[in-house]
Amino acid sequence: MSTEPAGGRPSDGPDDDLTVVRVDQFFPHPPAKVWRALTEPELLVQWQMHGSEDFRLEIGHRYRLTSVPRPNTDFSGVVDVEVLAYDVERMLSVRWADADPANPADWTITWKLEQEGRGTRLFLVHEGFDPDDPAQLMARTIMGGGWRTHVMRALGQALERV
């Protein structure tokens, strides 16, 4: 178990796997509440990209997220999402692929929830980065920082409002 400060950087060693971003974040809310924030569209819109209102907890469901394009990472600003797997209040896995077929971004995002005392330890694994592609490495750096700061902070704020 990690004991990192708020911000989500694991304290168990360097982040040297260039194919993945890992975030470990504690929230002082029970797993059921965190699960709702990860899977209920009316809560997702409070902390995720535009389009999250179209999420459905159904394997194979597809929807589209939109954000700001980032040419330095070859990101078009549009992500096609597919729900791959879930285990209620324990795990959610989705596929993210850039909607532009010229962009090789094709990632798996997996959220795992573990009860810790009265709260929840939330693990995020974002995998599939190509370490031989400079744009993918830039995307990993930007997204890793974004997951650890902006997204976890926004998720925490959404949880406070639930």
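**A walk from helix H1 to the salt bridges**

In helix H1, the buried residues (under 20% relative accessible area with a 1.4 Å probe, protein chains only) are Pro 31, Lys 33, Val 34, Trp 35, Ala 37, Leu 38 and Thr 39. H1 covers residues 31–39, and 7 of its 9 residues are buried. Helices (H or I, at least four residues) and strands (E, at least two) are DSSP runs, numbered from the N terminus. This is a predicted model: local features need pLDDT of at least 70, side-chain atom pairs count only at pLDDT 80 or more, and totals for chains, interfaces and linings use all residues. Residues are numbered from 1 along each chain as its sequence is written, and side-chain values use heavy atoms, with hydrogens and water left out.

Leu 38 of H1 leads inward. Together with Leu 44, Gln 48, Phe 55, Tyr 63, Leu 92, Val 94, Trp 96, Ile 109, Trp 111 and Trp 147, Leu 38 lines the largest cavity. Strand S4 (91–98) and strand S5 (106–116) are the elements that give two or more residues to this lining. S4 gives the most, with 3 residues. A cavity is a set of points on a 1 Å grid over the protein atoms alone, where a 1.4 Å probe fits but cannot get out; lining residues have an atom within 4 Å of a point. The largest cavity holds about 80 Å³ of space. Its lining has 10 nonpolar residues, 1 polar and no charged.

A pocket, by contrast, is an open set of points, with protein on both sides within 12 Å along at least five of seven lines. The largest pocket holds about 610 Å³. Of its 22 lining residues, the closest to the centre are Met 49, Ser 67, Arg 70, Met 143 and Val 151. Helix H3 (residues 134–161) supplies the largest share of the lining, 7 residues. By class, the lining has 13 nonpolar, 8 polar and 1 charged residues.

Now look at the loop between helix H2 (41–44) and strand S2 (62–66), where Ile 59 lies. His 61 is in the loop between H2 and S2 as well. Which of the two is buried, and which is exposed? Ile 59 counts as exposed (over 50%), because its relative accessibility is 55%. His 61 is buried, because its relative accessible area is 8%. Ile 59 also joins Tyr 86 and Val 88 in a nonpolar surface patch of about 270 Å².

Next come the charges. Side chains of opposite charge can pair when their charged atoms come close. The structure holds 7 salt bridges (a side-chain nitrogen of Lys or Arg within 4 Å of a carboxyl oxygen of Asp or Glu). In one of them, Arg 62 pairs with Glu 82, with the closest N and O atoms 3.4 Å apart. The pair links distant parts of the chain: Arg 62 is in strand S2, and Glu 82, 20 residues away, is in strand S3 (residues 78–87). Arg 62 is exposed at 56% relative accessible area, whereas Glu 82 is buried at 17%.

Arg 95 forms a salt bridge with Asp 106, the closest N and O atoms being 2.7 Å apart. This pair runs from S4 to S5, 11 residues apart along the chain. Arg 95 is partly exposed (in between the two limits), at 28%. Asp 106 is partly exposed too, at 37%.

Glu 116 forms a salt bridge with Arg 121, at 3.0 Å between the closest N and O atoms. Arg 121 is buried, with 6% relative accessibility. Shared partners join Asp 24, Glu 116 and Arg 121 into one network of salt bridges.

Terms used. Grid points are joined across faces, edges and corners, and a volume is the space filled by probe spheres set on the points. Ala, Val, Leu, Ile, Met, Phe, Trp, Tyr, Cys and Pro count as nonpolar, Asp, Glu, Lys and Arg as charged, and the others, Gly among them, as polar. Patches are made of residues with over 30% relative accessible area and no salt bridge: like charges are joined within 9 Å, nonpolar side chains (Val, Leu, Ile, Met, Phe, Trp, Tyr) within 5 Å. Accessible areas come from the Shrake-Rupley method with a 1.4 Å probe; for residues, only the protein chains shown count as cover.
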